[in-house]
Amino acid sequence: MVELFPEGFEEVEFDADLELAAYGDAGAEERFWHFFGPGSAVEVEQGWEEAWKQFHRPVRIGQLWLGPPWEEADEDSISVVIDPGRAFGTGAHATTRLCLELLLEQSRTSVVDLGCGSGVLAVAAAKLGFSPVFALDVDPEAVAAAGENARRNDVDIEVGCVDLFADELPRAGIALANVTREAIERAAGRLDVSELIASGYLASESPALSGWEHVDRREAEGWAADLYSPFESYHLE
Ligand SMILES: C[S@@+](CC[C@H](N)C(=O)[O-])C[C@H]1O[C@@H](n2cnc3c(N)ncnc32)[C@H](O)[C@@H]1O
């Protein structure tokens with residue numbers, strides 16, 4: 001829903017049922033039908049464009065505060081202000097939070113964020129003192145959003161439009177990859193990093209990565225994130 005309806009959506013639970021309502025124009029209605037099949041559409045009152053903001057709530061992960069520009073950051077926090085625009089990554093999704101939980105525990109080194117979306121992970125990494133930080137995505141809208149969020153947070157990040165399966169990837173201490181299990185399995189052999197923080201899949205799944213040692217795992221809300229380190233033969237140094 002986040003990816004399909006960045007304009008906003010609502011999730012309401014009734015006993016055993018879940019109602020999903022997407023806010024949008026005729027294009028959003030078409031996307032809804034395409035992905036979910038028949039639904040019902042009603043006219044909503046003027047102002048729906050702003051109403052979605054109430055669903056973009058701040059989250060706290062250790063010392064990090066992640067929230068939208070219209071919310072006030074906690075005074076005792078390291079703030080990461082994210083306006084995702086049309087890109088994925090408000091910071092509130094369990095996979096993003098789990099990646100940050102693992103990142104917080106790592107020594108400060110260079111980071112490459114593969115599939116950066118809004119740039120939330122890359123901006124948080126830069127704010128935490130990781131340097132240099134690369135934020136890469138195949139979607140030009142995500143690259144633009146990541147650049148804007150870097151400026152908004154006054155951090156220096158190298159953003160780029162890069163396909164992680166085809167283009168050259170920068171060498172870094174840590175790769176962050178909140179994509180899909182299949183994408184991680186496909187791209188792992190192309191990485192020149194000392195640690196990989198992977199997510200984007202369910203807790204029932206684990207990427208099959210040969211040449212990588214599994215070091216740690218975090219789970220939340222049915223999602224998982226894993227920390228891997230390459231076996232000696234994969235260190236290119
Ligand atoms: C789930 S979002 C993650 C956003 C953000 N990193 C986060 O953790 O919230 C996955 C991102 O991966 C990007 N992506 C998908 N396939 C890619 C590829 N082959 N190369 C680079 N980026 C890709 C998508 O465009 C999307 O922005």
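**Exercise 1. Charge.** State how many positive and negative side chains the protein chain of this predicted model has, and how far apart the centres of the two sets lie.

*Solution.* Counting the charged side chains of the protein chain gives 16 positive and 46 negative ones. The next step is to place the centre of each set, and these two centres lie 4 Å apart.

**Exercise 2. A salt bridge between distant parts.** Determine which residue pairs with Arg218 in a salt bridge, and where the two partners are located in the chain.

*Solution.* Of the 13 salt bridges that the structure holds, one joins Arg218 to Glu105, with the closest N and O atoms 2.9 Å apart. Arg218 belongs to strand E11 (residues 212-220), while Glu105 sits in the loop between helix H3 (94-104) and strand E6 (111-114), so that the pair, 113 residues apart, links distant parts of the chain.

**Exercise 3. A salt bridge within a helix.** Explain how Glu185 and Arg181 are placed relative to each other in helix H6, and classify the accessibility of each.

*Solution.* The closest N and O atoms of this salt bridge are 3.1 Å apart. Because Glu185 and Arg181 are 4 residues apart in helix H6 (residues 181-187), about one helical turn separates them. Glu185, at 29% relative accessibility, is partly exposed, and Arg181, at 21%, is partly exposed as well.

**Exercise 4. Buried or partly exposed?** Classify Arg217 and Asp226, the side chains of which meet in a salt bridge at 2.8 Å, N to O.

*Solution.* The cut-off for buried is under 20% relative accessible area. Arg217 has 22% relative accessibility and therefore counts as partly exposed, whereas Asp226, at 1%, counts as buried.

Technical notes
Residues numbered from 1 in each chain as written. Predicted model: local features only at pLDDT ≥ 70, side-chain atom pairs only at ≥ 80, totals over all residues. Heavy atoms only, no water. Lys, Arg positive; Asp, Glu negative; His and termini not counted. Charge placed at Lys NZ, Arg CZ, Asp CG, Glu CD. Salt bridge = Lys/Arg side-chain N within 4 Å of Asp/Glu carboxyl O. Helix = DSSP H or I, 4+ residues; strand = E, 2+ residues; numbered from the N terminus. Buried < 20%, exposed > 50% of the residue type's maximum accessible area, 1.4 Å probe, protein only.
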